[in-house]
Amino acid sequence: MITPDPRLSINQATIKYADLATALRVTADAGVQSIGLWREPVNEVGLDTAATMLADSGLRFSTHCRGGFFTLPAGPARDAALDDNRRAIDETAALAAAGAEGSTAVLVLVAGGLPEGSRDLNGARERVRDALGVLAPYAQSAGVTLAIEPLHPMFGSDRCVVTTLGQALDIASDFDAATVGAAVDTFHIWWDPQVHEQIARAGREGRISTYQVCDWKTPFPADVLLSRHYMGDGVIDFASLTRAVVETGYDRDIEVEIFNADIWSDAPEKVVARTAEAFAATVSPYL
């Protein structure tokens, strides 16, 4: 087994069926130094317990997934979504404080899709901006960065009306860069003709909150959400994208985030080892 790259972080989604204790154990046992957590496994054990478990693992904390889903119009459901995002901010701050030195308090935001019956895409995007206006002061007071994650346009209707890195940066530009940034995820942005230009822009503006990697391979399964692959198994040019990110000065952890039913069904130890090998082959040479 190779020695994992010190900047590799295992996003917990990659080993989805592992509970928090298992995810922390297999990541640390593999020699990986960092992990990105998801809210559901954290809440299963409770935030205080999760923070203690993370501290005991010796791992850095790279991001928390996820907040967002606040494209609904004004009303009780939108208010509830904003309250849930405040809880996610609190969780992010606590976990970052519990993680090893170099941990980052980054909450990844998936904006949400079109409300049922709506065709007003621009209006939904403006409600994302409005929600950030409500949440940014709270995040700033907690020392948390909100990372807007653009998703591939195929998810625009049901998951995320923010579909390009440029759109994410346009929304983020209303706020301080330390409080609102963007997630650069290769799966979602590799296709964009402006991707290198927008990565450079994100770097100039100090808004690359996290860099996440996995590969794109067709044909897709019936559930396109589960179409992510190990780096090197698909068509994404990790050399050019990683160089572009590194040239901005980004020097923090790089997460591997994979949604794939076959990978999820494999033993988490094997998945972490395979992830480290793929990262070493496709990302590490360009760091």
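In which strand is the place of R66? R66 sits in strand β3. This is a predicted model, and the report below goes through its pockets, cysteines, helices and backbone features.

**Backbone features**

The peptide bond that leads from C65 to R66 is cis, and its omega is near -5 degrees. A cis peptide bond also joins T218 and P219, with omega at about 5 degrees. P219 lies in the loop between β8 (215-216) and β9 (228-229).

F69 is not a glycine, yet its phi is positive, at about 55 degrees. This residue belongs to the loop between β3 and α4 (76-98). With a relative accessibility of 30%, F69 counts as partly exposed.

**Pockets**

The largest pocket has a volume of about 410 Å³. Its lining is made of 23 residues, and those closest to the pocket centre are A13, K16, W38, R66 and F259. R66, which follows the cis bond from C65, is thus named again here, as one of the residues closest to the centre of the largest pocket. Two elements, α2 (39-45) and β3 (60-68), each give two or more residues to this lining. The largest share, three residues, comes from α2.

The second largest pocket holds about 190 Å³ of space. It is lined by 16 residues, and G206, R207, I208, Y250 and R252 are the closest to its centre. The table sets out the lining of each pocket by residue class.

| Pocket | Nonpolar | Polar | Charged |
|---|---|---|---|
| Largest pocket | twelve residues | two residues | nine residues |
| Second largest pocket | six residues | seven residues | three residues |

**Cysteines**

How many disulfides does the count come to? The count comes to zero disulfides. A disulfide is a covalent bond between the sulfur atoms of two cysteines. For C65, the closest cysteine sulfur is that of C214, and at 12 Å it is too far away for a bond. The cut-off for a disulfide is a pair of cysteine sulfur atoms within 2.5 Å. C160 is in no disulfide either, and the nearest cysteine sulfur, in C65, lies 13 Å from its own.

Both C65 and C160 are shielded by the buried criterion, which is a relative accessible area under 20%. C65 is buried at 2%, and C160 is buried at 0%.

**Helix α6 and the loop that follows**

Is helix α6 (residues 165-172) largely enclosed or largely open? Seven of its eight residues are buried, so the helix is largely enclosed by the rest of the structure. The buried residues of α6 are L165, G166, Q167, A168, L169, I171 and A172. Among the elements that cover them are α5 (121-142), β5 (145-148), β6 (180-185) and α8 (195-204).

T179 is in the loop between α6 and β6. T179 is buried, with a relative accessible area of 5%. Leaving aside residues up to four places away in sequence, T179 touches A136, A139, Q140, V144, T145 and L146. T179 and I148 are 31 residues apart in sequence, while their C-alpha atoms are 11 Å apart in space.

**T186 in helix α7**

Which helix holds T186? T186 is in helix α7 (residues 186-189). T186 counts as buried, at 1% relative accessibility. Its contacts, not counting residues up to four places away in sequence, are with Y211, Q212, V213, C214, I236, F238 and L241. One of these contacts, C214, is also the cysteine whose sulfur is closest to that of C65.

**Helix α11**

Helix α11 (residues 268-282) has 15 residues, and at 1.5 Å a residue they should span 21 Å. The end C-alpha atoms of α11 are 21 Å apart, which agrees with that expected span.

Which residues of α11 are buried? They are V271, V272, A273, T275, A276, A278, F279 and T282. These buried residues pack against two strands listed early and late in the numbering, β1 (8-11) and β10 (254-256), and also against β7 (208-213). The helices they pack against are α1 (20-29), α9 (238-247) and α10 (261-265).

Key:
Residues are numbered from 1 along each chain as its sequence is written. This is a predicted model: local features need pLDDT of at least 70, side-chain atom pairs count only at pLDDT 80 or more; totals for chains, interfaces and linings use all residues. Side-chain values use heavy atoms; hydrogens and water are left out. On a 1 Å grid over the protein atoms alone, a cavity is a set of points where a 1.4 Å probe fits but cannot get out, and a pocket is an open set with protein on both sides within 12 Å along at least five of seven lines; lining residues have an atom within 4 Å of a point. Grid points are joined across faces, edges and corners, and a volume is the space filled by probe spheres set on the points. Helices (H or I, at least four residues) and strands (E, at least two) are DSSP runs, numbered from the N terminus. Ala, Val, Leu, Ile, Met, Phe, Trp, Tyr, Cys and Pro count as nonpolar, Asp, Glu, Lys and Arg as charged, and the others, Gly among them, as polar. Buried means under 20% relative accessible area, exposed over 50%, partly exposed in between (1.4 Å probe, protein chains only). Contact means heavy atoms within 4.5 Å. The expected span of a helix is 1.5 Å times one less than its number of residues.
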